[in-house]
Amino acid sequence: MDGALPAWFEIGSLIVLTAILIADLLIIFKRPHVPSMLEASLWVGFYALLAVLFGLAILAIGDAEHAGQFYAGWLTEYSLSIDNLFVFVIIMSRFAVPKKYQQEVLMVGIIMALVLRAIFIVLGAALIENFSWIFYIFGAFLLYTAWHQAFRSHEDEEETESKLIAFLRKRITMSPEYDGAKIRTVHNGKKMFTPMIVVFITIAITDVIFAFDSIPAIFGITTSPFLVFAANVFALMGLRQLYFLLGGLLDKLEYLKYGIAFILGFIGVKLVLHAMHVNELPFINGGEPIAWAPEISTVTSLLVIVSAMAVATIASVIKMRRVEAAENKVTTGSK
């Protein structure tokens with residue numbers, strides 16, 4: 001447990017967050033439907049408000065440093081989760097998942113993501129506790145991920161997903177149609193899997209890949225396992241509603257990937273500097289900490305993360321409106 005946060009707060013928070021997720025899951029399975037723009041907006045706003053209030057509770061019960069770490073971690077994980085949504089869009093499209101069952105698929109994907117991230121958080125915390133040099137590896141990995149994020153294309157991502165889906169289709173006998181959200185059904189008198197099983201497998205694999213990115217990133221902001229997990233929970237809470245709210249806008253936010261890449265690169269540099277500051281590797285500076293290596297504050301991290309996402313989003317919207325205006329001008333001129 002964290003010194004600034006009492007045990008009852010951390011345990012109570014985890015119980016409440018788990019209860020909210022269970023309630024959300026039960027609502028979806030009892031009433032699968034496509035949420036309206038208003039419903040999706042209200043849910044996204046509700047979860048964002050919960051995150052803000054949770055940060056304020058940390059401020060009141062703990063201190064400003066822990067509250068700042070939570071906000072920075074939540075925003076970082078939220079930005080990475082938005083990028084994750086694009087992959088979900090590809091998967092839903094490839095398998096033609098009926099819209100009324102997409103909420104269930106998303107919720108299962110989110111639960112799998114939480115379980116996987118919880119495992120990675122425990123492993124990451126154990127590594128950090130015992131090996132301070134792991135920050136060098138985390139930092140280098142994030143710098144590579146930032147480069148890959150900035151220079152990849154959506155076509156590359158779609159090609160990767162297509163290969164994975166083709167691989168799974170060849171090895172799993174499936175019914176030609178969905179049977180609700182079931183993964184097993186009876187077709188022509190034989191029991192077999194439905195396409196939903198491949199959807200879940202594909203999402204699980206992508207969840208593992210994204211966990212490899214998100215966990216080192218959040219540990220670059222805070223080493224508190226509780227704050228790391230809480231930030232991930234709040235980032236994933238409104239993800240399924242955000243999926244329906246953004247809809248076709250995801251692939252139009254052209255500069256979003258550059259904002260995410262900048263954040264990952266910034267945190268990667270921060271991790272390397274921290275590793276230098278607490279250095280214990282004998283072949284670097286004789287195993288002594290490097291005194292001149294600065295420690296980037298939580299406030300600075302928070303400002304950089306917010307600024308990067310704001311600039312990327314605004315630039316994407318401006319570009320999108322210019323393209324739409326040009327298309328309307330061509331359409332008007334051709335009439």
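In the predicted model, Phe54 is buried, with a relative accessible area of 10%. The residue belongs to helix H2, which covers residues 37–61. The partner ring, that of Phe234, is contributed by helix H8 (residues 225–237), and Phe234 is likewise buried, at a relative accessible area of 4%. Both values fall under the 20% limit that defines a buried residue. The chain contains 15 aromatic pairs. In the pair formed by Phe54 and Phe234, the ring centres are 5.1 Å apart and the planes meet at 40°, so the arrangement is classed as tilted. Because Phe54 lies in helix H2 and Phe234 in helix H8, the pair ties together parts of the chain that are 180 residues apart in sequence. Phe54 and Phe234 also belong to one aromatic cluster, together with Trp8, Phe9, Phe70, Tyr71 and Phe226.

A further aromatic pair is found in helix H5, where Trp147 and Phe151 are four residues apart, about one turn of the helix. The pair is tilted, with 5.6 Å from centre to centre and 45° between the planes. Phe151 has a relative accessibility of 62% and therefore counts as exposed, the threshold for that class being over 50%. An aromatic ring also takes part in an arrangement with a charged group: the charged end of Arg184 sits over the ring of Phe193, at 4.7 Å from its centre.

Helix H5 comprises 18 residues, from 134 to 151. At 1.5 Å a residue, a helix of this number of residues should span 26 Å, and the end C-alpha atoms of H5 are 26 Å apart, which agrees with the expectation. The buried residues of H5 are Ile134, Phe135, Tyr136, Phe138, Gly139, Leu142, Thr145, Ala146, Gln149 and Ala150. These buried residues pack against four elements, namely helix H3 (64–95), helix H4 (99–130), helix H7 (195–219) and helix H10 (256–277).

Helices H3 and H4 are also joined by a salt bridge, formed between Arg117 and Glu77. The closest N and O atoms of the two residues are 3.2 Å apart. Arg117 is located in helix H4 and Glu77 in helix H3, and the pair links distant parts of the chain, 40 residues apart. Both Arg117 and Glu77 are buried. The structure holds one salt bridge.

Helix H3 also contains Thr76. With a relative accessibility of 1%, Thr76 counts as buried. Beyond residues up to four places away in sequence, Thr76 touches Ala217, Ile221, Ile263, Ile267 and Ile305. One of these contacts, Ile221, is placed in the loop between H7 and H8. Ile221 is buried, with a relative accessible area of 6%. With the same exclusion of residues up to four places away, Ile221 touches Gln69, Ala72, Gly73, Thr76, Ile267, Lys270 and Ile305. Ile221 and Leu302 are 81 residues apart in sequence, and their C-alpha atoms are 9.1 Å apart in space.

Ser301 is part of helix H11, which runs from residue 298 to residue 334. The relative accessible area of Ser301 is 1%, and the residue is therefore buried. Ser301 touches Phe266, Lys270 and Ile296, when residues up to four places away in sequence are not counted. Lys270 is also among the residues touched by Ile221. Although Ser301 and Gln69 are 232 residues apart in sequence, their C-alpha atoms are 8.8 Å apart in space.

For the chain as a whole, 11 helices and two strands were assigned. Along the sequence, these elements follow the pattern α-α-α-α-α-α-β-β-α-α-α-α-α. The chain has 335 residues, of which 47% count as buried. Among contacts with a separation of 6 or more, 78% are accounted for by residues 24 or more positions apart. The accessible surface of the chain comes to about 16500 Å², and 69% of this surface belongs to carbon and sulfur atoms.

Terms used:
Residues are numbered from 1 along each chain as its sequence is written. This is a predicted model: local features need pLDDT of at least 70, side-chain atom pairs count only at pLDDT 80 or more; totals for chains, interfaces and linings use all residues. Side-chain values use heavy atoms; hydrogens and water are left out. The expected span of a helix is 1.5 Å times one less than its number of residues. Buried means under 20% relative accessible area, exposed over 50%, partly exposed in between (1.4 Å probe, protein chains only). Contact means heavy atoms within 4.5 Å. A salt bridge is a side-chain nitrogen of Lys or Arg within 4 Å of a carboxyl oxygen of Asp or Glu. Accessible areas come from the Shrake-Rupley method with a 1.4 Å probe; for residues, only the protein chains shown count as cover. Rings of Phe, Tyr and Trp (its six-membered ring) pair if their centres lie within 6.5 Å; planes under 30 degrees apart count as stacked, over 60 as edge-to-face and the rest as tilted. A charge sits over a ring if NZ of Lys or CZ of Arg is within 6 Å of the ring centre and within 35 degrees of the ring normal.
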